[in-house]
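Here are my notes for a colleague who is opening this model for the first time. Please keep the sequence and the 3D view side by side as you read the points below.

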Amino acid sequence: MAGYPPPGSGYPYGPGAGGAGGYGAPPPYGSSPAPSAPPYGEKPPKEGKTSSSSSAPPYYGAGGGGYGAQHPFASLVPSAFPPGTDPNVVACFQAADRDGSGMIDDKELQSALSGYNQSFSLRTVHLLMYLFTNTNVRKIGPKEFTSVFYSLQNWRAIFERFDRDRSGKIDSSELRDALLSLGYSVSPTVLDLLVSKFDKTGGKSRAIEYDNFIECCLTVKGLTEKFKEKDTAYSGSATFTYEAFMLTVLPFLIA
């Protein structure tokens, strides 16, 4: 199939399907940068427009140091709402923060998101918290919550764009196109594994619902970012110590 790298080549760094490079590919000189998540406190740009900030963290990513910048069980630094945060986002967080601690836990985040017709399993919530805080303490503050909230708006739009038959699910080909739009050119073998893993019917329907789509993309994003930390030469290969490998993979297994 066009756009997929040959078996064993790792994730692609050259042009992928449709001329798009795989995630992590250095952009050609003169090309536009890859889509990025909006800066904290800034709403996601409309389709066809780019964020006003050139220093925005990578799409899906947490800010500040990137993945692996700290120990996974390090404490979360207290934060505040970024200037200009939508009052509805502030109110949503404050309603969830029942004890007024300035932090909300996994179940409080799950409840807060469900108020906006976004029902997620605790596993998906745990992955959201891990990737936006880079810790496993399972608490987030106002800044992280704001980033999660706005990023989910973007991801919902992506899901709806590729759910072309409006079934509430995306099939294998739609998932492939959605991942490509985010810059991930996965092989057919990896794509089949993703569909089998995140299909709620155990692979029988060969389709993924919205909450599992978010979990799937978080997993691909997080593992790719972890790999990129080691693959500084963009060669498609990397060397891990046993400890580093375990710390890379286990958070995604135990979320």
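1. Let us begin at Tyr234, which counts as partly exposed because its relative accessibility is 39%. For these labels, buried means under 20% relative accessible area, exposed means over 50%, and partly exposed lies in between, with a 1.4 Å probe and protein chains only. Tyr234 sits in the loop between helix H7 (210-230) and H8. Helices (H or I, at least four residues) and strands (E, at least two) are DSSP runs, numbered from the N terminus. Tyr234 is not a glycine, yet its phi is positive, at about 55 degrees.

2. A word on what you are looking at: this is a predicted model, in which local features need pLDDT of at least 70, side-chain atom pairs count only at pLDDT 80 or more, and totals for chains, interfaces and linings use all residues. Residues are numbered from 1 along each chain as its sequence is written, and side-chain values use heavy atoms, with hydrogens and water left out.

3. Arg166 also deserves a look at its backbone. Its phi is near 55 degrees, a positive value in a residue other than glycine. You will find Arg166 in the loop between helix H4 (142-162) and strand S3 (169-171). Arg166 counts as exposed because its relative accessible area is 59%.

4. Now for the overall picture. The protein chain has eight helices and four strands, and along the sequence they follow the pattern α-β-α-α-β-α-β-α-α-β-α-α. Of its 255 residues, 46% count as buried. A contact here means heavy atoms within 4.5 Å. Among contacts between residues at least 6 apart in sequence, 63% join residues at least 24 apart.

5. What does the surface of the protein chain come to? The accessible surface is about 12,800 Å², and 56% of it belongs to carbon and sulfur atoms. Such areas come from the Shrake-Rupley method with a 1.4 Å probe; for residues, only the protein chains shown count as cover.

6. On that surface, Leu250, Leu253 and Ile254 form a nonpolar patch with about 280 Å² of accessible area together. Patches are made of residues with over 30% relative accessible area and no salt bridge; like charges are joined within 9 Å, and nonpolar side chains (Val, Leu, Ile, Met, Phe, Trp, Tyr) within 5 Å. Leu253 belongs to helix H8 (residues 242-253), and it counts as exposed because its relative accessibility is 59%.

7. Ile254 from that patch also appears in a distance worth checking: its C-alpha atom and that of Asn136 are separated by 9.9 Å, although the two residues are 118 residues apart along the chain. Asn136 has its place in the loop between helix H3 (122-133) and strand S2 (139-140). Asn136 counts as buried because its relative accessible area is 17%.

8. How many salt bridges does a search of the whole structure find? There are eight, where a salt bridge is a side-chain nitrogen of Lys or Arg within 4 Å of a carboxyl oxygen of Asp or Glu. One of them joins Asp177 to Arg176, with the closest N and O atoms 3.3 Å apart. Those two residues and Arg164 are linked in a network of salt bridges. Arg176 counts as partly exposed because its relative accessible area is 23%.

9. Two other pairs are worth a visit. Lys200 and Glu209 form a salt bridge whose closest N and O atoms are 3.3 Å apart. Lys200 is partly exposed at 48%, and Glu209 is partly exposed at 28%. In helix H7, Glu225 and Lys228 lie three residues apart, about one turn of the helix, and their side chains meet in a salt bridge (3.6 Å, N to O). Glu225 counts as buried because its relative accessibility is 10%.

10. Glu108, in helix H2 (residues 106-114), makes a nice contrast to explore. Glu108 is buried yet has no salt bridge, and the nearest side chain of opposite charge, Arg98, is 4.0 Å away. For charge, Lys and Arg count as positive and Asp and Glu as negative; His and the chain ends are not counted. Leaving aside residues up to four places away in sequence, Glu108 touches Ala96, Arg98 and Met103.

11. Finally, the record. An unreviewed UniProt entry carries the annotation "domain: EF-hand" for residues 84-119 and 150-185. UniProt positions are given in the numbering used here, feature names are shortened, and annotations may be inferred rather than shown by experiment. In the model, residues 150-185 are 64% helix and 8% strand, and their end C-alpha atoms lie 25 Å apart.
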